[in-house]
Amino acid sequence: MDITIDVLKTDVMNGNQVYTIELTRALLRYFPEHQYNALLYLNKKQQAQKTFGSNQKLRYLNILPHNNLVGKSLKPLVSRAVNLAIHSVARHSDIYHCTNPNRFPLGISNGIVTLHDLIALRSEAWVSAGSQEFYRKNIFRILKEAKIVLTVSEFTRQDAIRHFPACEEKLIVTPLAAAPIFRKTVVNRSFLAGYGIPDMKKPYLLYVGELQPRKNIGSLLCAFDALPPRLRNELQVIIVGSAKSPENREHFRAAVQAMKHRDQVFHLVNVPVEDLVLLYSAAHAFVYLSFYEGFGLPVLEAMSCGCPVLTADNSSLKEIAGNAAITVDPSDTDAVRDCLIRLLTENTLQENLKKLGMIRSAEYTWEETARKTVEGYRLAIERT
């Protein structure tokens with residue numbers, strides 16, 4: 001098969017981009033009999049080559065202009081040029097794999113799309129207005145035109161069936177996995193000094209992810225504030241992540257400012273993956289209380305590093321965590337506080353969660369993701 005994947009760029013490590021990069025790596029590693037094309041923006045080839053290396057089975061198609069490079073008045077012209085280029089590439093491929101519905105090129109006959117979630121169809125205040133508008137106008141047509149729809153969890157598959165029952169037969173679950181670099185590591189905590197954390201020996205709770213209201217970082221901060229002083233004073237919180245908008249940045253800032261003990265909270269940005277492994281490995285616990293996730297990859301990353309996990313009992317998070325984490329109603333800060341107290345005081349619980357988490361995370365591999373993805377490709381060709 002000749003397969004084109006819309007990689008676009010490899011220098012921004014959000015959840016969707018991690019998926020695209022790790023899937024492409026796994027396809028090259030485990031299914032080298034196929035030819036792959038990485039569709040890129042014009043100036044992204046060099047970075048992509050650093051990411052994927054030299055491989056005769058991977059061609060770099062750095063042909064797409066980015067509409068952010070031009071003024072507002074010219075963006076429609078650039079968008080049309082991009083659409084024409086994508087259609088041309090798709091016609092010369094057996095499969096065109098769009099890894100994000102926002103970029104699906106309507107009108108192609110051999111398209112596969114990865115559906116990460118249907119958050120935008122919800123009505124909660126934490127849903128982006130821009131995403132709501134796009135999904136409500138376009139997602140059904142996208143799912144209808146795609147030959148196969150890959151969902152990242154069984155939860156997302158069931159969510160899609162609930163909203164679009166006519167698409168059920170084309171939905172295939174291809175769960176994600178932690179990247180191989182996420183493994184339990186012996187840590188010299190001196191690296192924390194480089195991030196401005198003065199007490200390198202003090203235990204810490206860790207959050208990793210985007211700063212936005214849906215991630216519900218406020219519940220962690222409120223629960224930390226409400227801990228008994230004897231526990232709280234022996235603990236700190238490390239938040240790793242950035243906000244995509246000024247509004248989300250202000251929302252996070254306000255949550256921190258509302259705390260009584262905000263001097264024990266440290267916010268890190270631009271953390272390289274190597275240091276992220278160290279942060280997971282040295283954390284007392286990883287706390288991820290999102291209101292809704294299509295998958296929740298940081299949960300598996302933490303488990304892979306032997307870090308006990310406290311996460312929400314909703315959406316895909318309960319599915320991914322299984323019996324290897326403590327799950328809690330993320331809106332109940334009293335319950336979150338009580339779970340934190342257990343994690344801080346019950347040594348046997350901590351050790352069990354470390355062991356169970358590593359077993360659970362090992363059940364998810366990129367080899368299996370790639371295998372199920374290739375099954376989807378083959379089925380799509382049969383239907384073309």
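**Exercises on cores, helix pairs and single residues**

**Leucine 310 and the nonpolar cores**

Leaving aside neighbours within four places in sequence, state which residues leucine 310 is in contact with, and then say which residues touch the most other members of the largest nonpolar core.

*Solution.* With contact taken as heavy atoms within 4.5 Å, leucine 310 meets Phe286, Val287, Tyr288, Leu289, Ile326, Val328, Val336, Cys339, Leu340 and Leu343, once neighbours within four places in sequence are left aside. This is a predicted model, in which local features need pLDDT of at least 70 and side-chain atom pairs count only at pLDDT 80 or more, while totals for chains, interfaces and linings use all residues. Residues are numbered from 1 along each chain as its sequence is written, and side-chain values use heavy atoms, with hydrogens and water left out.

The next step needs the term nonpolar core, a set of buried Ala, Val, Leu, Ile, Met, Phe, Trp, Tyr and Cys residues joined through side-chain atoms within 4.5 Å; buried means under 20% relative accessible area, exposed over 50% and partly exposed in between, with a 1.4 Å probe and protein chains only. The largest nonpolar core has 101 residues, and the members that touch the most others are Leu206, Leu279, Phe286 and Leu310. Helix α1 (residues 15-30) gives the most to this core, with seven residues; helices (H or I, at least four residues) and strands (E, at least two) are DSSP runs numbered from the N terminus. Another core, of 34 residues, lies apart from it and includes Ala85, Leu115, Trp126 and Ala160. In soluble globular proteins, nonpolar side chains tend to be buried together.

**Two helices and their burial**

Determine how many residues are buried in helix α6 (residues 217-225) and how many in α10.

*Solution.* In α6, seven of the nine residues are buried, so this helix is largely enclosed by the rest of the structure. The buried residues of α6 are Ile217, Ser219, Leu220, Leu221, Ala223, Phe224 and Asp225. In α10, eight of its eight residues are buried, and the helix is mostly covered; they are Leu297, Pro298, Val299, Leu300, Glu301, Ala302, Met303 and Ser304. Just after α10, glycine 306 takes a positive phi of about 75°.

**Packing against helix α13**

Describe how helix α10 (residues 297-304) packs with helix α13 (residues 347-362), and then how helix α12 (residues 333-345) does so.

*Solution.* Two packed helices are described by the angle between their axes and the distance between the axes. Axes here are lines fitted to C-alpha atoms, for helices over the stretch in contact, and angles run from 0 to 180 degrees between N-to-C directions. The axes of α10 and α13 come within 7 Å and cross at roughly 120°, which makes α10 oblique to α13, given that angles under 35 degrees count as roughly parallel, over 145 as roughly antiparallel, 65 to 115 as roughly perpendicular and the rest as oblique. On the α10 side the contact is made by Leu300, Met303 and Ser304, and on the α13 side by Gly357, Met358, Arg360 and Ser361. These residues divide into three nonpolar, three polar and one charged, where Ala, Val, Leu, Ile, Met, Phe, Trp, Tyr, Cys and Pro count as nonpolar, Asp, Glu, Lys and Arg as charged, and the others, Gly among them, as polar.

For α12 and α13, the axes come within 5 Å and cross at roughly 90°, and the two helices are therefore roughly perpendicular to each other. Arg342, Leu343, Leu344 and Thr345 in α12 meet Asn347, Leu349, Gln350 and Leu353 in α13, and the residues of this contact divide into four nonpolar, three polar and one charged.

**Residues with positive phi**

Find the phi value of leucine 8 and that of serine 315, and place both residues.

*Solution.* Most residues other than glycine have a negative phi, and most peptide bonds are trans. Leucine 8, although not a glycine, has a positive phi of about 65°; this residue is found in strand β1 (residues 2-8) and is buried, with a relative accessible area of 7%. Serine 315, likewise not a glycine, has a positive phi of about 40°, belongs to helix α11 (residues 315-321) and counts as buried at 16% relative accessibility.

**Serine 153 and a distant partner**

How far apart are the C-alpha atoms of serine 153 and glutamate 293?

*Solution.* Serine 153 sits in the loop between β6 (148-151) and α5 (154-163) and is buried, with a relative accessible area of 1%. Its C-alpha atom and that of glutamate 293 are separated by 9.7 Å, although the residues are 140 apart along the chain. Neighbours within four places in sequence left aside, serine 153 is in contact with Val173, Gly294, Phe295, Ser316 and Glu319.
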